[in-house]
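Reader: I should be grateful for a close look at a single part of this chain, set in the context of the whole. Please treat the environment of one charged side chain first, and then the way helices pack.

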Amino acid sequence: MEFFYVVKATQKSGKDDAVIWFTAKSEARANLQLDVELEEAGIETGRGKDYQKPIRTDLPVYDDLPEENTVDYTWSTRYQLGDDGLTWHKIPTADNTVNTGQTDTVINEQADVPATNEDLPELISVCTLPFRHKVIAEFLAGDEYFYHITAEQKREVLKLEMDTDNTYVQNLVLAVNCVADIQKAREYDIWQLTSAIKRIWPTDGKVPELGNVRQFIETWSKTENIDRGILTNEWAKGNHIAAIQRTDAGLNAGGGNKTDRNPDLIHTLDTLDIEIALATLPMDFDIYDIPGSVFRRSKEVVSKKESPFKEWSAALRRTPGILDYSRAAIFALIRSADEGLHNFPGNLQSYIVANLTEFKHETPTAEVLAAARHIPQASVALDVIEGKRPAEELETVTGEMEVATRQIMSEAKSRAESAHQPQVSSLGNGVFSIDGLAATSTTQETTSNVPMETTHHDQVTSSAQVSENESADEVDAQANTLSTGSFPEAAAAFNEATKGLAAVMAVEKQVAQHETQETTREEAQPEYPAYFEPGRYEGLPNEVYHAANGISSTQVKDARVSLMYFDARHVSKTIQKERSKVLDMGNLVHGLALQPENLQAEFSIEPEIPEGAFTTTATIRAFIDEHNASLPAQLSADDIKALLEEYNATLPAQVSLGGSVEETGQSYMSLPVEFQRIEEGQKQTAAAMKACIKEYNSTLPAQVKTNGSRDALLEQLAIINPDLVAQEAQKPAPLKVSGTKADMIAAVKSVNPDAVFADELLDAWRDNPEGKILVTRQQYATALQMQQALFSHPTAGKLLQHPDRAVEVSYFGIDEETGLEIRVRPDLEIDMNSVRIGADLKTISMWNIKREAIRAKLHREIIERDYHLSAAMYCETAGLDQFFWIFINKDEGYHWIAIIEASAELLELGMLEYRKTMRDIAHGFDTGEWPAPVTEDYTDELNDFDLRRLEALRLA
């Protein structure tokens, strides 16, 4: 029996209806098979889904039925259900429609009446095509995307799909199939993609490589719609950028130009920050071969947002196209600026606008490199000092430097005066120390002229170490010296030649010392044994103790719940319980009372909001309004429009074409004679006269547009008054007062990078990168009150602040009866005249317990939580003579304290329960049996109280 179903899509989903048919022995079998096929096709039906419940219809008799057992989405584009909901009819097309003169009437396809309206093509919906066909169809589209295609176009799509010689189309289809996001795209988006590809690689040009097409498609799919046009333009120019980057102001940051950077480097605003930090450092070096120490220092500058880096970064990250400038241009811009310029944001922005373009070269010129203070020798020399390169390389690189040095010395010799002779000491490899020159007195009497000694460039081995007590540019004891006269020019020249290397070496020395300290600190970290022998251990961290060998009192308590639970938690470990990072007031009070010095290591206290911080949107808006009011006023759109209209008024008016023949004739007669081109005898038609008027009007200067946005009006104003527009561009733009709170915060930071925002402080605290327990100010205040109550209590204060107290001492031992390893860790222990006292600090909540019932409630707390069992283990393993509990009520404002000593009978009870449980645990380890808490069936019996109630009810 055949079953034919239609599954209608909801209007909201926008999907096509689906049909499926198959053969089954019964309706029940058909329903089962239908569910399986729909599930395989990923179709969910019912309320809230994309499809309604399936409807069974009559089996159609047409010869183009879908394949059996296959969900088909194209059937409903060709056929529709009749009013009876069972019979299918063909949708009218050119093949089954007859023109009756008034309306098109559908005829039965069984009839012999031929179709006469053959000009109407059969349309095929593109959304119903397979994905490969969709791509090829939209590739064939022109200025508008295809929603439908004709049968002829469908044949062209199939032809291109099978044309293996058409490498262009084959590469396109292969590349698109590799990008999953595109396979989910709409037809319109596919058309946009194929149009972009045809723009980058014209179809009549060279066939693009498959890898390039795939790279573009992947980049295009990850790019926002608003940026896809820019992306296509960059690729069309040959810049295969991986993303469209935006400045902090939301403008195009560039990054597509080829610059002097490594072509494998992906240049972003973050890498720009590193270059800005490098440029702000005082030392000179090879900007294309950054020394390791200098690079590490730049990363530190960025992470700490040191000045002047943060001011330069804030300004340059807002500059449009900043990533298109070379590294040399960035260095030259920053290093050519006046000192202290970064302290004036307005002047800094004006300086950048005025000078940045001057340094823009794909291949930096010698002038730009000089302004960038690019010194290759410094990096090579540093590598020689570090032993990374042989000294012979430095000889080659510094040959020109030595020649220049000798020339300077020769010129200085002729001007040398007799005076105290400063020392110019060679550091080896053509580098000199000239400290003596700076100390030369210019007023000292000269008595004789001492000739200059011959300069010797004896090499000093690069492996020579500089002692910790002397700087890198001090005189080398092994170096040859040469005597000179007093010559300030030479001193300046030598300072210029050596300051870069000296600074690099100084930074390298600081970094080396820092790394040595870090290494020493890492080596100083204590190591703990994997196995703890029986004994007493002080200072074990929590994580070390809890992961150590031995059964703790907590594990014994778990075994008292049931051996099955003990096995699941601590043996087979099928139950995993990790310590929650949510605040436990007991842990906080415990830390404040016992180990306040370790509080910061475990807890993160909510930061206080400093005075003057931005706390609400209103305070941010007030700052923005105040800032905008302080800026020089910008030309409004009305001001610009008035200037444009004033300019247009000075231009000669266009001659009107006229609305009638008479008006056109009058306009024609007003033209200059040379434009009245209709010869005598010819008919003066309106068209001929308008042609002459248009020709004349074309010779008049065009008027500028006076409508549009402010930016559009500025473009028009630049045509007539570029200087005024340039002045307007120098004015800092006012901050936006609309948008989200995050947008307003970013606006404030753009002019005040040091601004503090309460939201950011709290968000950074909540992010909790170190994984500490978060404590709010209110919780911390409550814990401090509890700490004060404990310290002020006459007994608790003496115990918690005793000078001989020991806190969190770990004890490891062996249970004598079972031989199992055990471990304990009392909160506090004190030795008083050979009496060892132990104590545990416990927080409780008993705000609603009556005074007369407090003692009974505390006793139940001790018994129910097995505190007495833990105390017995502490006394047994740690050798304690007495044990106390310090209970403090944690309800806010009600911090009463109870000091309770464990009696001998209570400790004995705990010890007996501990012994029994340890025997049960040992038996479990021996047999592998860990019974559940209930192992036998039983009958529930009434207790005495229930029996009395039963008796009373019987007698009632």
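Reader: Which residues are in contact with Lys557, leaving aside its neighbours within four places in sequence, and is Lys557 buried or exposed?

Author: The model is a predicted one, and every statement below should be read in that light.

Lys557 belongs to helix α22, which covers residues 553-561. This lysine is buried, yet it has no salt bridge. Its nearest side chain of opposite charge is that of Asp866, at 6.5 Å; a salt bridge would require a side-chain nitrogen of Lys or Arg within 4 Å of a carboxyl oxygen of Asp or Glu. Asp866 is nevertheless one of the residues in contact with Lys557, once neighbours within four places in sequence are set aside. The others are Arg865, Tyr867 and Ser870.

Helix α22 also takes part in the packing of helix α23: the buried residues of α23 pack against α22 and against α38 (904-927). Helix α23 spans residues 563-571, and its buried residues are Leu563, Phe566, Asp567, Ala568 and Arg569. After α23 comes Lys573, which has a positive phi, near 60°.

Two further helix pairs can be described by their crossing geometry. The axes of α28 (residues 661-669) and α29 (residues 686-699) are 9 Å apart, and the two helices pack at an angle of about 40°. The pair is therefore oblique. The crossing of α28 past α29 is left-handed. On the α28 side, the contact is made by Val661, Thr664, Gly665, Ser667 and Tyr668, and on the α29 side by Ala686, Met689, Lys690, Cys692 and Ile693.

In the second pair, α5 (residues 167-177) and α7 (residues 187-200), the axes come within 12 Å and cross at roughly 135°. That angle makes α5 oblique to α7. Here α5 passes α7 in a right-handed crossing. Tyr168, Leu172 and Val176 of α5 make the contact with Leu193, Thr194, Ile197 and Lys198 of α7.

As for the whole, the chain contains 39 helices and 24 strands. It has 956 residues, of which 39% count as buried; Lys557 is buried as well. Among contacts between residues at least 6 apart in sequence, 67% join residues at least 24 apart. The contact between Lys557 and Asp866 links two distant positions of the sequence in just this way.

Key. Residues are numbered from 1 along each chain as its sequence is written. This is a predicted model: local features need pLDDT of at least 70, side-chain atom pairs count only at pLDDT 80 or more; totals for chains, interfaces and linings use all residues. Side-chain values use heavy atoms; hydrogens and water are left out. Helices (H or I, at least four residues) and strands (E, at least two) are DSSP runs, numbered from the N terminus. Buried means under 20% relative accessible area, exposed over 50%, partly exposed in between (1.4 Å probe, protein chains only). Lys and Arg count as positive and Asp and Glu as negative; His and the chain ends are not counted. Contact means heavy atoms within 4.5 Å. Axes are lines fitted to C-alpha atoms, for helices over the stretch in contact, and angles run from 0 to 180 degrees between N-to-C directions. Angles under 35 degrees count as roughly parallel, over 145 as roughly antiparallel, 65 to 115 as roughly perpendicular and the rest as oblique. A crossing is left-handed if the near helix is turned anticlockwise from the far one by less than a right angle, and right-handed if clockwise.
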